[in-house]
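Visitor: Please give me a close look at a single part of this model, treated as one connected account. How is that part built, and how does it meet its neighbours?

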Amino acid sequence: MSAVIENHHDDHHHGPAKGITRWLYTTNHKDIGTLYLWFSFAMFLIGGAMAMVIRAELFQPGMQIVEPEFYNQMITLHGLIMIFGGVMPAFVGLANWLVPMMIGAPDMALPRMNNLSFWILPFAFFILLSSLFMEGGAPNFGWTFYAPLSTTYAPPSVTFFIFSVHIMGASSIMGSINVVVTIMNMRAPGVDLMKMPLFVWSWLITAYLLIAVMPVLAGAVTMMLMDIHFGTSFFNAAGGGDPVLFQHIFWFFGHPEVYIMILPAFGIVSHIIETFSRKQLFGYSSMVWAMLSIAILSFVVWAHHMFTVGLPLAAEIFFMWATMLIAVPTGVKVFNWVATMFRGSLTFETPMLFAISFVVLFTIGGLSGLMLAIVPADFQYHDTYFVVAHFHYVLVPGAIFSIMAAVYYWIPKWCGNMYDERLGKLHFWLSFIGVNVTFFPQHFIGLAGMPRRYPDYSLIFADWNMVSSVGAFLFGFSQLLFLFIVIKTVMGGKKATDQVWEGAKGLEWTVASPAPYHTFSTPPKVD
Amino acid sequence: MIYKFFNLSKKNISIFLFFIASPLIKADWFALNMTRGSTDISNEVFELHMLIFWICVVIGVLVFGVMFYSMWAHTKKKNPVPAKFHENHKLEIAWTIIPFLILIAMAVPASKTLVKIYDDEAGDINIQVTGYQWKWQYNYLEDDVSFFSNLSTDLDEIYNLVPKGENYLQEVDEMVVIPAGKKVRFLITANDVIHSWWLPAFAIKQDAIPGFVNTAWTIVDKPGIYRGKCTELCGKNHGFMPIVVKVVEQSEYDDWVYGKKQESIKLAELTTKEWTTGELMERGEGIYQVNCVACHQTSGEGITGIFPALAGSDVVMNNKDRNIEILMEGVQGAAMNSFSYLSEVELAAVITYTRQSWGNAEKGDGEIVIPKDIVDYKEPKI
Amino acid sequence: MKKDAKKTLIKLVVAVPLMFAFGFALVPLYDVFCEVTGINGKVFQSEYSEDLITDDGRTIAIQFISTNNENMPWTFKPSEQVMKIETGKYHGATFYVKNTTNRKMTAQAVPSVAPSNAAAHLKKLECFCFEQQELMPGEEALLPVKLLVSNELPSNIKNIILSYTIFDITDYNDEVLAHHQMAAE
């Protein structure tokens, strides 16, 4: 293969360096992708351990394991770590591995910045996690950090929290700039915009969203910092500020953020369903338009997180209608996936199982989202376990299942070995059952009236909380099986062919398995 | 007998079974679905919730139905050659327009209900609700009645040292009382961080924001006790500041307000009225004659070896705080009981009397005790 | 790097600080938005205007409420709880305030109006909430508000709540002052 031949005569095209420096100094998109993926998995386990603490405390009514104060630190860190440390870096890792290979580019456009954007992340999370050992404890105001609980009433560690959010933001922004520049300028001849694989499309849109909203988040935490240390009063009513303003700014970031965590999943699932249906994806261009309209709409629906702050009637009605409108393009995507499967020639390997359950469970999460958009009903749902169930349905069997599906789907290409299909299926079924047993009962708990972020609850919620905890332990521990499967696949296993999957289409399947250290040093020909 | 019981009729058996099953059915549904609540608005909200819920179920069944069908019928085994189609404009337009129409069908009734909720007219009763870390304060604006409402569940229950009661974490030391059938408006604000006042049975959830006032109103026809919770993370004890509203008939409400007013008038009298030594002495003598004279004697000398003398006693002359404490708590192992059942005025008067009589005033510090001292003593000390 | 790539890069790099600035721009934008729409019950100072005064106003009730933030120890209450007023006419009201402590303190009152869509029609000519209050130990005062409710108030509103929350900003002012001094040195 060309990379192997070049290895002998060209210093710039040699294989990976040896030892730790390979990973510290690497500018190779595949290495950086691997780093991102392993990092996000580590964070997934840490955030997951915190979820286990939460569910263990909620196993029975009464306080048993932790104190309410520490419980609040757990819910805050669980949310922050899963979002900024788990889901987002995992998607960036996938983008690093796949975007250049999918568009026939030799690497990312800005390789050194790529290295930097990864290597500042561990510091961000080191700072965030070290706050657990500080006086006053870790941030305890929820991942949404509403002022004034997060400013005037925050523990001293809030300054470190702000600093770490700044670093995470810088990392995401750099990562996104890299993705946009790569996609806009490094496509092989013939890879037109409307011929790009959907994963690339989804990441292009995601990257623009990130560039638009991560600086706003940085602005919000900067204002907090100034309120806390420099005597300004952006969010302090006493000085003419407004705590509700914080929520507006936060959700102006926060709602697009929600789609940042789901758009790449749409891309992944489209590829997997297409492959295992052995049929061309239904409605490619409507898929692209649907993603674009979801992204645009995401900027005008933020206040649906704030229906109870006392918005005027007109605002409530506007945000209700705008939010419901998002159901249309989202529906189009689901219908397209179903139509792709219809009269296809289906097989159910592990990635396909994850992808199908993504479609079903994400749709359930979407439908409960539709219910939440109805303002009068939202007065009853808001800040209860119904909301917890809703966003975990779109994030766990949504975003996280899609990441797992992607790993199973592309890992043969990454390391040249097939994963163990039987273990993969076992992992799928354990996760699928675990996720539903955990989160489905939370709909009931919420409707029956249990607010979220409660360390203890009334007796009527006891039964379903216990069920939910059992499910959470099942889901949590089955992820160790995932770790085992991945390590086993990296170490060895049945050799993968270059094509890997019978129905797979796209440039990444035209290179060898495992993918050489350098691919597409000369652009491929695409018709 | 048993035979007879079984034989009596199927009806009896089914009634019997129904009685066994009904709490189960009731309990299950209560723990599974949103409450219907007890106001017109909460009923409308419930209907709306069920409407959207069933629409979502139907959509889900249709979409997943097609999907599961093709998972069953279009496997590689049954359908080795996949179809070629990858677009169908008519179909795509249909599945864009139809959901849009369904959404309108949902949004229109929702907007109507919302307009009703926002209908802003003055209430018959206006109650200012203030969220604190971690309790609620209620202030009846028209009647000038004000009190705090704290969680009354025992810490031992929370820490699993004793069995949990029926209303675990849903009980307070003082309930909000409102009359049935009247429009009650809540003016919701907060004292420190953001809280949220949620009462599911009235379908009210409004954030309590420091510096801002949000309003919500309700008309509850059915008397009863309704329970709610704080729903915005407000710190450590966010989960421990419940809301309990007691709806009563108008007459009972009037009595309650009267009682609360009397309480506050009394308290105001105690704490603000300027008492003179003469007034206290006059009252105190009468109380002394009724309650104390049997042991301590009219002369204040007591009975040597049995009942201690008050005349010339160091505590009575110089230690005001201990003096109050003895009357409030009694003396362990002695005949001296607690007199805390006396009113604040009575206690202050009788203590002043003992401090001023028998030459005590001249020999000791001569200070008098006023009712406010007793009120302060009774205040919880943190 | 290709020329086009550089162009894209520059555009994106410029976009980031712009969006950061936009985050901050949301603060004044929000204030303007609130002032125009009356969202959030914020009321700003307005000029005296003959145009607002009419004789065919209707009678509505204004209900004053007062809240002490956190551990603010002052006595603070409206002189009258409910005031009947006519729309299209200026009316005055007062709040009683007393510093019950034995130290000098500074306070700031923050207003809020409910229902929120009434805020746009409430014009304050004069209000103690526009400035800070400094009271000596034991000092008391009557704080004035002068306001007009425009005749364009939606007809379904018959009752407006004007709420003031009083904040203790004594230490807060010192802190800001200290920061300014630090900056000056």
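Guide: The account below takes chain B as its subject, from overall form to sheets and then to interfaces.

The structure is a predicted model, in which local features require pLDDT of at least 70 and side-chain atom pairs count only at pLDDT 80 or more, whereas totals for chains, interfaces and linings use all residues. Residues are numbered from 1 along each chain as its sequence is written, while chains are lettered from A and ligands numbered from 1 in the order in which they are written.

The secondary structure of chain B amounts to 13 helices and ten strands; helices (H or I, at least four residues) and strands (E, at least two) are DSSP runs numbered from the N terminus. The chain has a radius of gyration of 33 Å, well over the 21 Å that the globule rule gives for its 382 residues, so chain B is more spread out than a compact globule. Here the radius of gyration is taken over C-alpha atoms, and the globule rule is 2.2 Å times the number of residues to the power 0.38. Taken along the principal axes, the C-alpha atoms of chain B fill a box of roughly 115 × 65 × 45 Å.

Next come the sheets. An open sheet of five strands in chain B follows the order β3-β2-β1-β5-β8, with mixed pairing; two strands pair if DSSP finds at least two bridges between them. The edges are held by β3 (145–149) and β8 (214–219) of chain B, each with a single partner strand, so one side of each is left without a neighbour in the sheet. On average, neighbouring strands of this sheet are turned by 20° against each other, direction ignored. Angles rest on axes that are lines fitted to C-alpha atoms, for helices over the stretch in contact, and run from 0 to 180 degrees between N-to-C directions. Within the sheet, strand β1 (residues 125–132) of chain B runs antiparallel to strand β2 (residues 135–140) of chain B, and six bridges join them. B:V129 has B:Y138 in β2(B) opposite it.

Another open sheet of five strands in chain B has the order β4-β10-β9-β6-β7, again with mixed pairing. Its edges are β4 (176–179) and β7 of chain B; each has a single partner strand, so one side of each is left without a neighbour in the sheet. The average turn between neighbouring strands in this sheet is 25°, direction ignored. At the β7 edge, strand β6 (residues 195–199) of chain B is joined to β7(B) by five bridges, and the two run antiparallel. B:W198 stands opposite B:K205 in β7(B). Towards the other edge, helix α6 (residues 250–272) of chain B lies across β4 and β10 (243–248) of chain B, and the helix runs at about 135° to β4(B).

The edge strand β7 of chain B also leads to the interface with chain A. In total, 76 residues of chain B are in contact with 77 residues of chain A; two residues are in contact if their C-beta atoms, placed from the backbone, lie within 7 Å. On chain B, at least two residues of this side come from each of α2 (10–32), α3 (40–73), α4 (89–117) and β7 (204–208). The side comprises 43 nonpolar, 23 polar and ten charged residues. In this classification Ala, Val, Leu, Ile, Met, Phe, Trp, Tyr, Cys and Pro count as nonpolar, Asp, Glu, Lys and Arg as charged, and the others, Gly among them, as polar.

Chain B also meets chain C, where 19 residues of chain C are in contact with 17 residues of chain B. On the chain C side, β1 (59–68), β5 (105–114) and β9 (159–168) of chain C are the elements giving two or more residues. That side of chain C divides into seven nonpolar, ten polar and two charged residues.

As for the partner in the first interface, chain A is divided into domain 1 (29–252) and domain 2 (262–518), with bounds from an automatic or database domain assignment. The centres of these two domains, taken over C-alpha atoms, are 19 Å apart. Across their shared boundary, 41 residues of domain 1 of chain A are in contact with 46 residues of domain 2 of chain A.
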